[in-house]
Amino acid sequence: MRKDTGLAPMLQYENIAWFENGKVRILDRRIFPAKKEFVYCEDYHEVAKAIKDMVTQSAGPFTAAPMGMALAAFQCKNETEEKQREILNDAADVISSARPTTQKRMRFLVDECLKTADLALKEGKNVSEAIVNKTIELNDERYSAIDNIAKHLTQKFPNGGHIMTYCWAETIVGMMLKNCKEQNKDIKLYCCETRPYFQGARLTAFELQSAGVDVTLICDNMSATVMKQGKINAVFVGCDRVAANGDTANKIGTSVVAAVAKYYNVPVYICAPTSTIDLDTPTGAEINIEQRPEKEVTEMWYSERMAPADVKVFNPAFDVTDHELIAGIITENGIAYEPYTESLKEMVLQAGGRR
């Protein structure tokens, strides 16, 4: 994997990943927006490592994963059909397991690529090209869903109100801003920094400020203060997985914000495409939470190590917000309310049951 600082425009919607010239190019979100650098992956193992190492964040892995499959197909195109299938199946296993908490969604994506590859092989077509086209189709579906989520989300925005975000997906933010402008809604946002990767401070605050939104950045442990002062009308967050009972897994710290919001009677809404709803997982207790390296807490963001040497570190990437803390789960098909075991099932059925 090598880095490149070229600023040539990228083809992918989010400027996160694309397949070109036998490589996958990924915008390095660990250092963006302070620096704009790209990581080039030369095989599917490197794509999986880039996903695991947080080179790509937010919804980026959901593009990088199928592009990694395209890369695998490109590299084995001169092999026998049997060998190609073997390599693609291995790529699907390696890529989908890169981040455990989002594994179900990743598995769906790579399985869609395997189906595409199977058809292309049977028809004698270019497999990597077919998977690239499939990636575009999957992205189109995702963006259509996000646009619908943003429309439902905007309905919950009080004009002139103050909204709090935590971590967040910049794509939803962008769609939400578009819909707010169409409805002539003026909004103000408080943006939690979102440790330890500071996606809120680096990515969300950058996106909002660039769009001309009135945004105020706060440390994560300031959320209770601004809620107590009556400055927040609602909290909106994304999520990586939704259990059948409405428990949701999102960036670590989300459950803290939700618990505080419940205490101060501030509604919390989860933005969740139906693709993140996992009806096979009964509750959040069954969601596998990814554990991250210690250095992300002790030294990654500091010029010198700030923690004592050899101190023990607990660094889960996600936490689970109990469904009792959630006012509603916003999907592309509408807003699910309690009882979530029924409403979420209905949302998935409206989506055609496609996972």
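The legends below describe close-up views of a predicted model.

**View 1. An aromatic pair formed by Phe198 and Trp301.** Aromatic pairs in this predicted model come to six under the ring-centre criterion applied here. In the pair of Phe198 and Trp301 the ring centres are 5.5 Å apart and the planes stand at 80°, a value over the 60 degrees required, so the arrangement is edge-to-face. Phe198 belongs to the loop between β6 (188-192) and α7 (199-210), while Trp301 belongs to the loop between α10 (295-298) and β13 (318-321), so the contact of the two rings ties together parts that are 103 residues apart in sequence. The two partners can also be described by their accessibility: Phe198 has a relative accessible area of 16% and is buried, whereas Trp301, at 29% relative accessibility, is partly exposed.

**View 2. The rings of Phe236 and Tyr269 between strands β8 and β11.** The centres of these two rings are 5.5 Å apart and their planes lie at 20°, which is under the limit of 30 degrees, so this pair counts as stacked. Phe236 is in strand β8 (residues 234-237) and Tyr269 is in strand β11 (residues 268-271), so the pair ties together parts that are 33 residues apart in sequence. Both Phe236 and Tyr269 are buried, and ring pairs link these two residues with Phe157 into a cluster. The strands that carry the stacked pair, β8 and β11, run parallel and are joined by three bridges, and Val235 stands opposite Val268 in β11.

**View 3. The seven-stranded open sheet and helix α5.** The strands of this sheet follow the order β7-β6-β5-β8-β11-β14-β15, and their pairing is mixed. Its edges are formed by β7 (214-218) and β15 (334-336), each of which pairs on one side only. On average, and with direction ignored, neighbouring strands of the sheet are turned by 25° against each other. Helix α5 (residues 127-155) lies across β8, β11, β14 (328-331) and β15, and runs at about 140° to β14.

**View 4. Helix α1, its ends and its packing.** In helix α1 (residues 44-52) the buried residues are Tyr44, Glu46, Val47, Ala48, Ala50 and Ile51. These buried residues pack against the strands β3 (23-27) and β4 (38-41), and also against the helices α2 (61-75), α3 (81-96) and α4 (103-123). The N-terminal end of α1 is capped by Asp43, which places a side-chain oxygen 2.9 Å from the backbone nitrogen of His45. After the helix comes Met54, whose phi is positive, near 70°.

**View 5. Arginine side chains over phenylalanine rings.** Two arginines appear in this view, each lying over the face of a ring. Arg25 lies over the face of Phe38, at a distance of 5.1 Å from the ring centre. Arg105 is placed over the face of Phe62, and for this pair the distance to the ring centre is 5.8 Å.

**View 6. Ile277 in strand β12.** Ile277 is found in strand β12 (residues 277-278), and at 0% relative accessibility this residue counts as buried. Relative to Tyr44, Ile277 is 233 residues away in sequence, and the C-alpha atoms of the two residues are 27 Å apart in space.

Key. Residues numbered from 1 in each chain as written. Heavy atoms only, no water. Phe/Tyr/Trp six-rings, centres within 6.5 Å; stacked < 30°, edge-to-face > 60°. Helix = DSSP H or I, 4+ residues; strand = E, 2+ residues; numbered from the N terminus. Buried < 20%, exposed > 50% of the residue type's maximum accessible area, 1.4 Å probe, protein only. Lys NZ or Arg CZ within 6 Å of the ring centre and 35° of its normal. Contact = heavy atoms within 4.5 Å. Polar contact = N/O pair within 3.5 Å; in protein donor to acceptor, adjacent residues only side chain to side chain. Pairing = 2+ DSSP bridges. Axes fitted to C-alpha atoms, helices over the stretch in contact; angles between N-to-C directions.
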